[in-house]
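Please describe the fold of this protein for someone at the bench. Cover the strands, the cores, the cysteines and the unusual backbone angles.

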Amino acid sequence: LYSSSLDGSIKLWDFMDGILIKTFTVGSKLLALYTPASFEDSVFVVVPKSGERDTFQLVSVKLTKAAGQDLEAKELSVILDSVNASPKCIAFGREGEYVASVNEVNLQVYFFKRKQLNRFSLSAAKTKSGNNHFMCIACHPTEDCIATGHADGKIRLWRNFHHKKEYTFSTLHWHHDAVMDLAFSVQGTSLLSGGVESVIVLWRNESEHQRDFLPRLGSAIEYISVSPDGTLCCTLHTDNRITIINSNLRFSRSIQGLIKSTNVKTGLVVDPRTKALVLNGEPGHLQFYCLQSDQQLFSLDIVQRQYIHQAGLNQTDLVKVAFSAQGEWLATVEEREEVTDPELQLKLWFYDEETQSFKLNTRISMPHEDHITDMCFRYMDEVEDESLILVTTGSDCVFKVWAMVEDTDPEGKYAQQSVSWSCDFVGSYHNYQATNCCFSEDGSLLAVSFEETVTVWDSLTWDLKCTFCYSPGKIRNICFGRLTCSKYLIGATDHGFLCCWNLLSCALEWSAYLNVVVLQPDPLSEHIAAISWLSKDSSLFVFKPNEPRPIYIQRNFCKEKIQLAAFVPREEPETVGSAKYLWLRRSQLFFLTATQELITLSTKSLEERLTPSSKQLAVEESLPVTPFSLLLGKHRRHQSQEDIDLGKRVVCNKPEQDSPAVKELLHTPAHVLPSASFLCPVFINSLLISKENTSAEEVADAVEMESEETEDDSDEERDVTEMEQEDTSPMELLGEITCKLSKSQEKELRKLRKMDYSWISAF
């Protein structure tokens, strides 16, 4: 197995054992790697062209067979110039006879034996169409045929390209938008294509009239790959999904972790009921993502409209989401950009215990006259009732309070819920835009930021209590302290200041110069996480509002800009060895980067996290009933019976609880598991008997001594039975047979064997 990295090295691995065999240093940034089977001692890489920006070359690298592990690859030769770095823009032809690549305007074909380069191009005048840029390429496995996909939705099949002027091409057309990728079948009898329509098209015999479809695959298709035996093909989608399809174009299965959305506008929210991360999923949907299993629990259709894949079309999008404290209510905001005014809808959903899903309770059209900037429920630890309220802030310079009211229309559509939501109060401050809102821990105070000013309101009377201002800069984030720090209010400005105000004295407690882009409080402690963006790195600062000095700092922990963060409560408090990680004991902090990568902080290394659980490896008892399991069960029972008959004792150290390692290995997706070379030693060590505790003989003796009292009565009964059996067959005593001791006699002999006779040496 070959791998390339951006540091300019090519590594050769034994992928069965996970052992690194050799490392070849190329000395240039490697963007793509190709290993055609017909080239045994060479690989091909895409590297930046020296001295030119955004220009790349396809280079052949000859791998030396010299001894040693770290070698330098000196024999480099440029094959193609001005190539696209994407893997789907370069393909090798029949038996490695040629290599072809496409950029936006050109098709290049290089023949290795003749060392000949042919270049072809398409112009709008020739094709009688507009945007016909090359998007992808695929080469026929057995014939001299090249398929190219284009931005106008057409597929062109090139032949006779050995000649620069006498080439020909035919056209296949079904896609209404750009063709994202192409792949020939193993025999070359069919061609697969995919694009933004989320449909796999199977073209047979290169004919436009012989084609089959597999629609509704979820999202735009980005890559297509065919298995070496031709029985399966898989598609990679823009939403981070892999779909496996049978050769007869039947759906097989889907591999889906965290859905990659076009833009995460809802933020990173935690569902109080399932502890799942909730954020944008498929267009118009909310995804509930389980962190433990790396799987999607379910997807909730909020917009309830068909999504149309068409560039430039304004479609309804999900922009805000909020849960009540107990997770009984869900509030969502959907928005559609219009030329003049946005189209807004506020929806409130109630969780139905019978159906185990959210049901729509209230729909409010145009809750604000402009964009909704923030939304939150009032925290209520007790049972949620009519005192529950929702606050929304908008760019229309007001914040609105929404409260539950009795349903006055028993014949209405939602009469079965008996309650609905309506506006209870509208507040503003000097006609400034309302940007953020949050409630205090006990729900008695509401903080709303209006550009550069933070206002604090009484949540019962809606009286304005006080205002805070820290110029210059608009307020970017605000949050209240919790528990012992509930008297503090924290705010961050877009001019790089972090401020802490005391609600009792109505004065600034402290401030720090820090460009905070994310401010996230822990719901189970006093800690607050502040993530800053400085130069080209993200840094993490964890602090308590009553202490201006951070308790934890990790600078430059991520090269990307962190957009969102969330504290997720743990099922059980984690044992923390170091004092600096005490803030992670009850909650775990997750971050979402600009490229939608989900990362987290851990107090232990990977080996430390897996080793304790792997020591409890055991076969699960709840095995499925199959002929093999029944046969295995009979064999185990038979072996156990033989052990009892021979007087053997088997001591089993059963785990006190279910093994998490087994569940982790069996249920964790393969793409997030460590290598087999790492798991194998851990598993083998877990099978060894520890010498720290009592030895096996001592354990067996202890078990025997504990069972002596319980066996006395049963032994006496067995002795009487054995004496009766011996009396009934006295002729057996005349034969030369071995006398078999009873269990009580064997027990007495063991007692004598263990008795210490060293005292007799004194005589």
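Two strands count as paired if DSSP finds at least two bridges between them. The model discussed here is predicted.

**Hairpins**

That definition applies to strand β21 (residues 221–226) and strand β22 (residues 232–237), which pair in the antiparallel sense over 5 bridges. V226 of this pairing stands opposite C233 in β22. The hairpin of β21 and β22 has 5 residues between the strands, and G230 takes a positive phi near 80° there.

Strands β11 and β12 form another hairpin, with 4 residues between the strands. In this hairpin K115 has a positive phi near 55°. β11 covers residues 106–111, β12 covers residues 116–121, and 6 bridges join them in an antiparallel arrangement. L107 stands opposite F120 in β12.

The antiparallel pairs with listed bridges are set out below.

| Strand | Partner | Bridges | Facing residues |
|---|---|---|---|
| β11 (106–111) | β12 (116–121) | 6 bridges | L107 and F120 |
| β21 (221–226) | β22 (232–237) | 5 bridges | V226 and C233 |
| β34 (389–394) | β35 (399–406) | 5 bridges | V391 and V401 |

**Overall make-up**

The protein has 8 helices and 51 strands. Buried residues account for 43% of its 763 residues. Take the contacts between residues at least 6 apart in sequence: 44% of them join residues at least 24 apart. The accessible surface comes to about 42,600 Å². Carbon and sulfur atoms hold 51% of that surface.

**An open sheet**

β33, β34, β35 and β36 make an open sheet of 4 strands, in the order β33-β34-β35-β36. Its pairing is antiparallel. Which strands stand at the edges? They are β33 (372–377) and β36 (419–427). Each has a single partner strand, so one side of each is left without a neighbour in the sheet. Ignoring direction, neighbouring strands of this sheet are turned by 25° against each other on average. Within the sheet, β34 and β35 pair over 5 bridges, and V391 stands opposite V401 in β35.

**Nonpolar cores**

In soluble globular proteins, nonpolar side chains tend to be buried together. The largest nonpolar core here has 19 residues. Those with the most contacts inside it are I531, L540, Y552, W583, L589, F591 and L601. Several strands each supply at least two residues of this core: β45 (516–521), β46 (528–534), β47 (537–544), β48 (547–558), β49 (562–569) and β50 (587–593).

W583 shows how the pieces meet. Leaving aside its neighbours within four places in sequence, W583 is in contact with D522, H527, L540, V542, I551, Y552, F567, L589 and L601.

A second, separate core has 18 residues. Among them are V319, I364, M404 and W421.

**K544, in strand β47**

K544 lies in strand β47. It is partly exposed, with a relative accessible area of 23%. Leaving aside neighbours within four places in sequence, K544 is in contact with C485, E526 and H527. A529 is 15 residues away from K544 along the chain, and their C-alpha atoms are separated by 9.0 Å.

**Cysteines**

How many disulfides does the structure hold? The count is 0. A disulfide here requires a pair of cysteine sulfur atoms within 2.5 Å. C469 is in no disulfide, and its nearest cysteine sulfur, that of C499, is 9.4 Å away. For C506, also in no disulfide, the nearest cysteine sulfur is that of C466, 4.2 Å away. Because the cut-off is 2.5 Å, neither distance qualifies. C469 is partly exposed, with a relative accessible area of 45%. C506 is partly exposed too, at 43%.

**Positive phi outside glycine**

E451 is not a glycine, yet has a positive phi of about 55°. E451 sits in the loop between β38 (445–450) and β39 (453–458). Its relative accessible area is 22%, so E451 is partly exposed.

N556 likewise is not a glycine and has a positive phi of about 55°. Where is N556 found? Its place is in strand β48. N556 is partly exposed, with a relative accessible area of 45%. Strand β48 is also one of the strands that supply at least two residues to the largest core.

Conventions: Residues numbered from 1 in each chain as written. Predicted model: local features only at pLDDT ≥ 70, side-chain atom pairs only at ≥ 80, totals over all residues. Heavy atoms only, no water. Buried < 20%, exposed > 50% of the residue type's maximum accessible area, 1.4 Å probe, protein only. Contact = heavy atoms within 4.5 Å. Areas by Shrake-Rupley, 256 points an atom, 1.4 Å probe, with all protein chains shown as cover. Core = buried A, V, L, I, M, F, W, Y, C linked by side-chain atoms within 4.5 Å. Axes fitted to C-alpha atoms, helices over the stretch in contact; angles between N-to-C directions.
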